[in-house]
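Please walk me through this model in a viewer. At each stop, tell me what to select and what is found there.

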Amino acid sequence: MSELRPSPERPEPPGSDDPEGVPGTPRDVVPVDTGPPGADDTPEAATGGADGPDGPSPLGRLAATVERLRREVREAHAEADGRALIELAKGILVERLGYGPAQAARQLAELAEQARVTPLEFAVDVINQAARDRLSEVTAAFLAATAAGTETVDPADTHFSPVRLRAAESGALAAQDTQAVAESLLEHALAPLGAEAVAIWALGADGSLTLAGHAGFPVAEAGRWRHVPPGVATVGRRGLTERSGHWIRSLAETGLPSIGQHHHPEGGRVAVAAGTGGRIHGVLEIVWAVPLDPPPAPVVRQVEALAELCAHTLDTGSPDQDHGGTGRPLLPGVTELTDLADGLHDPALVLVPHLDADGDLVDFRIHHVNGRFLDPGGRPRAVINGALVLEAYPMAAGHSELFERIERVYATGEPYRAHRMRLTAVVDEVPLAAVADINISRHGDCVLLIWRIEDDTARLASLLQHAQRLGRIGGFEENLLTGEITWNGQLFHLYGKPDSDTPVPLQDLAGHAHPDDAVTIGRFLRTLLHHRRPASTAFRLQRPDGVTRHIRVVAEPVLDSGGQPYVVRGAYQDISAHHWTEVALAATRDQLAHTEQQASERNRLTLQLQHAIMPPAQTPLAVPGLDLAVRYRPAETQHLVGGDWYDAVLLPSGLVLVCVGDVAGHGIAAATSMVVLRNALRGLAVTGAGPGQLLSWLNMVTHHLTGAVTATAVCGLYDPDRHTLRWARAGHLPPVLVRDGEAEALPLVKGLLLGAVPEAGYLEHEVQLAVGDTLLMYTDGLIERRDRSVEESLAQLLTTARTVPPTLDQQLDRLLTHSRSDTDDDTCLVGIRVASR
């Protein structure tokens, strides 16, 4: 703020030094103004009249007399305001201390003398401590900040004085109308801040502004601004839209019209909404003659407190006065509004404000719901009637902004309408959504909320049934927790089953399909249930009546808050009779015949090679006291033969060789290199060397293979008598030990990958196993993911491995099923479990 001080044209009045009088007019407490600008524009009033050579003229003496009488009237008013504050403080002492009136007066005077302040200042301090209202909060915050050194305004400065605020409040309360309130605010509180004029605007129900009170403006100027229609952008209307008030450095810089714009075009302005209990009743607009710099915090709080004082004044206006200058009385109360809601053909709610102990708006209570009310969640009227809005509809404070719209309508009186707003009701912790047209309006102190919910359920259901019939589509939903399955009638028809038959679970889908489609269905279920992603596939459905149908199934999982699927929903579609499919197949059959033959031959050779290297069914290894199982899962891209391998051999020494490895790359070269390394390790193991030495020899074999082959491997020798495992690794992931429901990776011992250098040494590590322990060796195809690091993927494997099924085979199958790898790589998995002999 450029200068928050009284203007030179507003001199301070002389104070009263009479100790026996009412100290209502000390020099540093109550300013005396010569009158608002424009009150008397005659030259004689300004100069005191023309003086002749023999002394003041009669006209000059008359003007001086008028000026003296006006000053005396203002001093009397100030004295009356001060006396009212002192009398109020006496009343507080009477009530708090049980004094009589005379004793309270003496006590007040003695305490003021001890505090070295005037009785008026001490009376204001007593009032602030007892009131705990906005004015006392402003004063307390300012004094606390001053004591802490965070404020730069002197509390003894006349520009910020608790006495001024209370004097302004006293004058406002004693005023007969808003015009007198404006004059009191300007004289007691705003003129010391350098303000030149003040305007109090009343907000109408239609959004218009009416000049309810003013001071400092010429009468003609106030008459021109008596009423501002809705929608006209003015400084006062800006104060309605900004919660912290609209502070303007210079009115000329904004181009906004406002009262007094021609008298103070370069002056600063501030417009603050005047509201109580969550409702805005009007605007307080203050005018400065000079540009306005950013004000200090105490001034901002003081202006906000004065605006709230204006709100109380506007709120206590006569109910018969014009509202918004329209000539119409205030709208009916809650009883009349209830009758109005019952006469509407749309669902309607009558809302009344719900205030907290401090009088602040916190919610709206649903006072009445009409007979046509429809709750989005299907709840009866009795459950909604009488509840708070945020209790009945907590989602109203969410993305729909419904509650914020209700607050805004209640505060400003401007109605709000919205087309197709999304409403959400939470019933038994389940969100239920609906779409509705919204109409919100304020009627007196109540709010009428009308919503018209779209009820297209029957029409949409009929449309969906016809669409499913024409598209030969059947829908389903399966609860994975309870096993409950829901089919519609069209799906029973697709399966050739009567409606009374039992639906088919997704896990049993392969049993109703052609055997050649089992792999395709397995991938579909894996993507859906374990990767938790939407999936689709096509298969041949073999119906009980012997008819085979080409079916396409599309499904998606529904996840709970923990990210686990608990419901699967989807649809089956019969694509057998699709004309476009038949035409497309007929048109391209000849062109694709040769390509299909080559692809079929390539796939057949690929599968034969994979089965020759890694038989799908491994013969169990018979070792007393040891369960051993292996699994091999080829890559989903079948023509890319991988280099993953595993082996489990009982050596002549009685030790068991277990190992897994992975040759880099795909194709025939990787597969042949894998065969060489696997057979070489078998031969080297017969020497009785340890796993470190075996990997060192195998590294030399790998290095001398053609084609710069590299590979990783982990090799272990298990002693059935001692239940120990010595193992070493060559750039491979370490084995995982599962013991007593916990899983951990073995130490990452040093070992370079195979084939990188001609000679390399490999450290060994020995682990003692106990009965019931399970050791897992695997290739990276089990855990590798594109979007995660190896450490995160290994942690996920350890979490899955903690669950130990009864048999080792079941445990390996479970690990493959819950594998979240997405790299389409081969997977080898070897497991050993120590059993009692």
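The tour below goes through a sheet, a residue inside it, a hairpin and a cavity. The model is predicted.

**Stop 1: the six-stranded sheet**

Select S5, S4, S3, S8, S7 and S6, which form an open sheet in that order with antiparallel pairing. Strand S5 (227-228) and strand S6 (246-248) are at the edges; each has a single partner strand, so one side of each has no neighbour in the sheet.

Now keep S3 (residues 195-203) and strand S8 (residues 279-288). Seven bridges join S3 and S8, in the antiparallel sense. To check the register, pick Ala199, which stands opposite Glu285 in S8.

Next add helix H15 (residues 402-412), which lies across S3 and S8. The helix H15 runs at about 60° to S8.

**Stop 2: Ala197**

Centre on Ala197, a residue of strand S3. Is Ala197 buried or exposed? Its relative accessibility is 0%, and because buried means under 20%, Ala197 counts as buried.

Show the surroundings of Ala197. Setting aside neighbours within four places in sequence, Ala197 has contacts with Leu186, Ala215, Gly216, Phe217, Glu285, Ile286 and Val287. Then draw a distance from Ala197 to Ala289: the two residues are 92 residues apart along the chain, and their C-alpha atoms are separated by 8.8 Å.

**Stop 3: a hairpin**

Move to strand S24 (residues 736-739) and strand S25 (residues 742-745), an antiparallel pair with four bridges. Leu737 faces Glu744, a residue of S25, across this pair. Two residues lie between the strands of the hairpin. Select Asp740 and read its backbone torsions: phi is positive, near 55°.

**Stop 4: the largest cavity**

How many cavities of 30 Å³ or more does the structure hold? There are five. The largest cavity contains about 110 Å³ of space.

To display its lining, select these residues:

- Leu782, Ile783 and Arg785, which line the largest cavity
- Ser793, Gln796, Leu797 and Thr800, also in the lining
- Leu815, His818, Ser819, Arg820 and Ser821, which complete the lining

Which helix gives the most to this lining? Helix H22 (residues 790-801) does, with four residues. Colour the lining by class to finish: four residues are nonpolar, six are polar and two are charged.

Technical notes:
Residues numbered from 1 in each chain as written. Predicted model: local features only at pLDDT ≥ 70, side-chain atom pairs only at ≥ 80, totals over all residues. Heavy atoms only, no water. 1 Å grid on protein atoms, 1.4 Å probe; cavity = no way out; pocket = protein on both sides within 12 Å on 5 of 7 lines; lining within 4 Å. Points joined across faces, edges and corners; volume = space filled by probe spheres on them. Nonpolar A, V, L, I, M, F, W, Y, C, P; charged D, E, K, R; others polar. Buried < 20%, exposed > 50% of the residue type's maximum accessible area, 1.4 Å probe, protein only. Contact = heavy atoms within 4.5 Å. Pairing = 2+ DSSP bridges. Axes fitted to C-alpha atoms, helices over the stretch in contact; angles between N-to-C directions.
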